[in-house]
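This report describes helix packing, aromatic pairs, burial and backbone geometry in one protein chain. The sequence and structure are shown below.

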Amino acid sequence: MLNEQTSSDLLALRQSYEREGYVVIRNALDPSELDPMRERVTKGVDAFARELRAKGEIESLYENESFERRIATLCANRKGTRKNPLAGWHTKVKTDRTLGPEVYDIYTHPVILKVLTTLLGLEVTNDGVHDLRLILPGRKGFAWHQDSQYYSSMKAGVFLNKTERTHIVTTWVPLVPVTERNSCLWVIPGSRQWGLLQGKKGDDGMIHQRSDIEAKGEPVAVPMNPGDLLLFSNLTFHSSKANSSRTARWSMDFRCHATEGSTLEEREGIALREGLVRALGNAPLVVHSKSRAATSYKDWIAQHSGEDNRDAFFESVLASAKG
């Protein structure tokens, strides 16, 4: 049975989240509150389409197609890049990393903060990075994983992962209706209690599990509509299946943690996560506090360097590890 709760009964919400490792909140937002984000994405798709048209890779801009269909249609009709119909989307349009006020308004939405403070306490920091997820028709989804498996890196033979004992909450926000057919998320209730398992990165860039995860627990599909929220922990196993529909699946997700950990291990995990964020030129932001004002949009944007400093970050971690 799907773990659905309301934001009005916070005690039940927290207890069920702690037990299951995830929680679904129906109608948490007014769907219209996601319109600015969808409009931002639409502008990115339009810029992408015009670039492809200028290169002669498509014959039409498909401007009359719906939000869910437009990028699917132009990718399906693109010439010469069948293996990667989205080539150029991330590097030239960069809509997946847009840091406009549309994103900030979702980060700081009162209902989302109400839930996050229930799960994390009154001092909450958003790590300042979101992912805009797009799964085209016919494309596979994401393999079973725990988010903490991706918060790790190998540098000079040293494996860096200190987030197993750090509570990080992912908030997953659908921008279109998501179903089993168009690649909704799946979760395994209770898998948070398994601890961090070791996976292996495959040639597809995804981490794959060394054991049969579905044999350890019973997967549950999470169909959602715009306005619904899915929150899960960094140790909760989740995945998505292939998109067998005719429409693109659009969603966004972001992560939050306690601003300051209560244990040394938790603080180390927070430092690692925020260090990775800063290494990409981004900046975490305090979204809720009982003693100081939340980071404003202006101040948050001013902290972004716009430079990828990940190598320098890892070198500093390794140097400190060597004493």
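In this predicted model, the axes of helix α1 (residues 10–20) and helix α6 (residues 110–120) come within 10 Å and cross at roughly 55°. The two helices are therefore oblique to each other, and α1 passes α6 in a right-handed crossing. On the α1 side the contact involves L10, L13, R14 and Y17, which meet K114, V115, T118 and L119 of α6. By class, this contact of α1 with α6 holds 5 nonpolar, 1 polar and 2 charged residues.

A second helix pair is formed by α2 (35–54) and α3 (residues 67–76). Their axes are 11 Å apart and the packing angle is about 20°. Because angles under 35 degrees count as roughly parallel, α2 is described as roughly parallel to α3. The crossing of α2 and α3 is left-handed. From α2, the residues in contact are R38, V41, T42, V45, D46, F48, A49 and L52; from α3 they are F67, R70, I71 and L74. The classes in the contact of α2 with α3 are 8 nonpolar, 1 polar and 3 charged residues.

The two pairs are set out here.

| Helix pair | Axis separation and angle | Handedness of crossing |
|---|---|---|
| α1 and α6 | within 10 Å, roughly 55° | right-handed |
| α2 and α3 | 11 Å, about 20° | left-handed |

Helix α3 also stands out in the burial figures. Of its 10 residues, 7 are buried, so α3 is largely enclosed by the rest of the structure. The buried residues of α3 are R69, R70, I71, A72, T73, L74 and C75. R70, I71 and L74 of α3 also take part in the contact with α2.

Turning to the whole protein, the secondary structure comes to 11 helices and 14 strands. Buried residues make up 53% of the 323 residues. Among contacts between residues at least 6 apart in sequence, 78% join residues at least 24 apart.

Aromatic rings supply a further set of contacts. The whole structure contains 8 aromatic pairs. In one of them, Y107 with W300, the ring centres are 5.7 Å apart and the planes lie at 65°, so the pair is edge-to-face. Y107 belongs to helix α5 (residues 101–107) and W300 to helix α10 (residues 297–302), and the pair thus links distant parts of the chain, 193 residues apart. Both Y107 and W300 are buried. These two residues also belong to a cluster linked by ring pairs, together with Y104, F254 and Y297.

Two loop residues remain to be described. Most residues other than glycine have a negative phi. N27, which is not a glycine, has a positive phi of about 55°. N27 sits in the loop between β2 (22–25) and α2 (35–54). S183 is likewise not a glycine and has a positive phi of about 80°. S183 is placed in the loop between β6 (168–174) and β7 (185–187).

Is N27 buried or exposed? N27 is exposed, because its relative accessible area is 66%. S183, in contrast, is buried, with a relative accessible area of 0%.

Terms used
Residues are numbered from 1 along each chain as its sequence is written. This is a predicted model: local features need pLDDT of at least 70, side-chain atom pairs count only at pLDDT 80 or more; totals for chains, interfaces and linings use all residues. Side-chain values use heavy atoms; hydrogens and water are left out. Axes are lines fitted to C-alpha atoms, for helices over the stretch in contact, and angles run from 0 to 180 degrees between N-to-C directions. Helices (H or I, at least four residues) and strands (E, at least two) are DSSP runs, numbered from the N terminus. Angles under 35 degrees count as roughly parallel, over 145 as roughly antiparallel, 65 to 115 as roughly perpendicular and the rest as oblique. A crossing is left-handed if the near helix is turned anticlockwise from the far one by less than a right angle, and right-handed if clockwise. Contact means heavy atoms within 4.5 Å. Ala, Val, Leu, Ile, Met, Phe, Trp, Tyr, Cys and Pro count as nonpolar, Asp, Glu, Lys and Arg as charged, and the others, Gly among them, as polar. Rings of Phe, Tyr and Trp (its six-membered ring) pair if their centres lie within 6.5 Å; planes under 30 degrees apart count as stacked, over 60 as edge-to-face and the rest as tilted. Buried means under 20% relative accessible area, exposed over 50%, partly exposed in between (1.4 Å probe, protein chains only).
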